[in-house]
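Please open the structure in a viewer and keep the selection panel at hand. The tour below proceeds stop by stop, naming what to select and what is found there.

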Amino acid sequence: MSVAWARLRPCAAAHSPRGAVAGRRLVLARRPVFFPGASRRTLLTLAIESSCDDTCVAILDKRPTTGAARLLFNRKITSDNRDFRGVHPLNAVVSHTAALAPLLRDALASLPEVLARASGHGGSERGERGPEDARHRLWAAGALRRKPDFVTVTRGPGMTSNLATGLNTAKGLAAAWDVPLVGVNHMQAHALTPRLVSALAKDAATPAQASEAASTDAHEPAFPFLSLLVSGGHTLLVLSRSLYDHEILAQAMNIAIGDMIDKCARNIIPASELAGMDNVMYGPLFERFAFPSAAKPEDYDYTPPARRADEIKIFDSGLGWTLTPLLASTSAMAYDFAGFHSQVLRVVEARPDMGIEERRFLAQHTMRLAFEHLASRLLLALKSNPEAMEGVRTVVVAGGVASNQYLVHILRSMLAVRGYEYLTINSPPPALCTDNAAMIAWAGMEMYEAGYSSNMGILPLRKWPVDPRAEGGGIMGADGWVQNTDDR
Ligand code: AMP
Ligand code: ZN
């Protein structure tokens, strides 16, 4: 049986205006922040992500004084969706249930070992001085190890049962270890990923760089910054003003760009080349198929449209088919990738004997028009609201599609030709752009250091908008936040 499941991604629900969150709101007063382990030199969290089809666990260690962070563990197991041509929700829950505990067992073996002291009480972590209280230690993988200071987990948005697998496990760990729980927003975590990247770079810095970095614990990029979140489940342009304030400037009307790319790839790439695939993520193959040897920007032979009028011209292939730029006749802050997929499908269906070179040509222009559509909404946002954009120096491009080099090239070229060359494009490494638990750990770290954790009764949130202007009040509008008040 071949069932064409819609790709249900956690992030797809994130921006729903109907994402009301039941419960009381926490009124946030800026009070002095206390967090468990503040007196120690680093903060350690174990994080779980299970909002969609990836079961992910990470362990992150951060030095609050310098902002440097280290990933001690970061791994994921993806459910096998080949029979379903997309994410099958039930299949993914089964996969989480099977994969999470073994993954956690592996992760615990990466916790820093603690050396027992000869006196029999206290202990000191390798490389660190000072006694460690017994309550900060646990036994795992045959050794005494440092216990995480708190457990982080994705609370939403996402598929409820999938989220619940991770959330319930995280609650169990937090209860057993007697440490706080931090339930974070998956989309907030995507938006904060570049700050994780800069924290990891600080840890990897040379001694000279490290002493310079040590003078500031500020994370890069600084707020405000723009993020283009482009993945299998979402296409969002977000203005991040603070840890909790992420305003959605444009979003998908229908399917996400990654979904569109996967569909177009299936239609355009010859079946013989798809046959060897062991997953349904066709994006990387589509990029290689379109540009088998592009290594440098000039290899793309790309001329950016100098004006909006150029951008919306119908593309005539000269081979008997055309492609119309997306939402050409409107400046609505939306993305229409379903409409574009229909156009591409019509071209392919009309030419069943299309040769490989023509298929490659079609793949190149499919990507070009899709990526120019992304750029067009970014340019509209920059132009239409210059006050809101004051201080913005960075455009973060995150999500699985962000690893596409042609996309980065098109964005950079279009920003430059339209007078925004001062904006830096920051693209986190692909492994941190796709769903992962390292980004969840980082979001938990930032929330925790800002003074927040979650009560143990929190429930998964299928919808949880990141925008405080949305119904439900955004990240801090969710019930269950508690303020850290004691130093454990
Ligand atoms: P995510 O939902 O963030 O895990 O990202 C997965 C999506 O990114 C899938 O739809 C992939 O096909 C897409 N993707 C990954 N790599 C690329 C690439 N190099 N070019 C285009 N799309 C990609
Ligand atoms: Zn995601």
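Which polar backbone atom is 3.1 Å from an oxygen atom of ligand 1? The answer is one of G258. Please bear in mind throughout that this is a predicted model.

**First stop: ligand 1**

Select ligand 1 and G258 together to display this contact between a ligand oxygen and a polar backbone atom, at 3.1 Å. Next, add G283, where a polar backbone atom is 3.0 Å from an oxygen atom of ligand 1. Then add S403: an N or O atom in the side chain of S403 is 3.3 Å from a nitrogen atom of the ligand. Taken alone, ligand 1 exposes 500 Å², and the protein buries 97% of that area. Two elements each give two or more residues to the shell around the ligand, namely α5 (257–268) and α7 (283–290).

Now select the shell itself. There are 19 residues around ligand 1, and those that come nearest are G232, D262, G283, E287 and N404. Coloured by class, the shell divides into nine polar, six nonpolar and four charged residues.

**Second stop: the six-stranded sheet**

Select the strands β15, β12, β11, β10, β16 and β17. They form an open sheet of six strands in the order β15-β12-β11-β10-β16-β17, and the pairing is mixed. At the edges are β15 (334–335) and β17 (424–426), each of which pairs on one side only.

Restrict the view to residues 394–398, which make up β16, and to β17. These two strands pair in the parallel sense over three bridges. Within this pair, T394 stands opposite T424 in β17.

**Third stop: the hairpin of β6 and β7**

Select residues 137–140 for β6 and residues 143–146 for β7; the two strands pair in the antiparallel sense over four bridges. A140 stands opposite A143 in β7. The hairpin has two residues between its strands.

Which residue of this hairpin takes a positive phi? It is A141, with a value near 45°, and A141 is found in the loop between β6 and β7. The value deserves attention because most residues other than glycine have a negative phi.

**Fourth stop: two cis peptide bonds**

Most peptide bonds are trans. Select G156 and P157 to see a cis peptide bond, with omega near -10°. P157 lies in the loop that runs between β8 (150–156) and α2 (160–177).

Then select E220 and P221, where the peptide bond is also cis, with omega near -5°. P221 is found in the loop between α4 (207–214) and β10 (225–230).

**Last stop: the second largest cavity**

How many cavities of 30 Å³ or more does a search of the whole structure find? The search finds two. The second largest of them holds about 60 Å³ of space.

To display its lining, select R308, E311, I312, P325, L326, A328, L369, E372, H373, S376 and R377. By class, this lining has five nonpolar, four charged and two polar residues. Both α8 (308–311) and α10 (356–384) supply at least two residues of the lining. The largest share, five residues, comes from α10.

Definitions and conventions: Residues are numbered from 1 along each chain as its sequence is written. Chains are lettered from A and ligands numbered from 1 in the order in which they are written. This is a predicted model: local features need pLDDT of at least 70, side-chain atom pairs count only at pLDDT 80 or more; totals for chains, interfaces and linings use all residues. Side-chain values use heavy atoms; hydrogens and water are left out. On a 1 Å grid over the protein atoms alone, a cavity is a set of points where a 1.4 Å probe fits but cannot get out, and a pocket is an open set with protein on both sides within 12 Å along at least five of seven lines; lining residues have an atom within 4 Å of a point. Grid points are joined across faces, edges and corners, and a volume is the space filled by probe spheres set on the points. Ala, Val, Leu, Ile, Met, Phe, Trp, Tyr, Cys and Pro count as nonpolar, Asp, Glu, Lys and Arg as charged, and the others, Gly among them, as polar. A residue is near a molecule or strand if one of its heavy atoms lies within 4 Å of it. A polar contact is a pair of N or O atoms within 3.5 Å; within protein, one must be able to donate a hydrogen and the other to accept it, and residues adjacent in sequence count only if both atoms are side-chain atoms. Accessible areas come from the Shrake-Rupley method with a 1.4 Å probe; for residues, only the protein chains shown count as cover. Two strands pair if DSSP finds at least two bridges between them.
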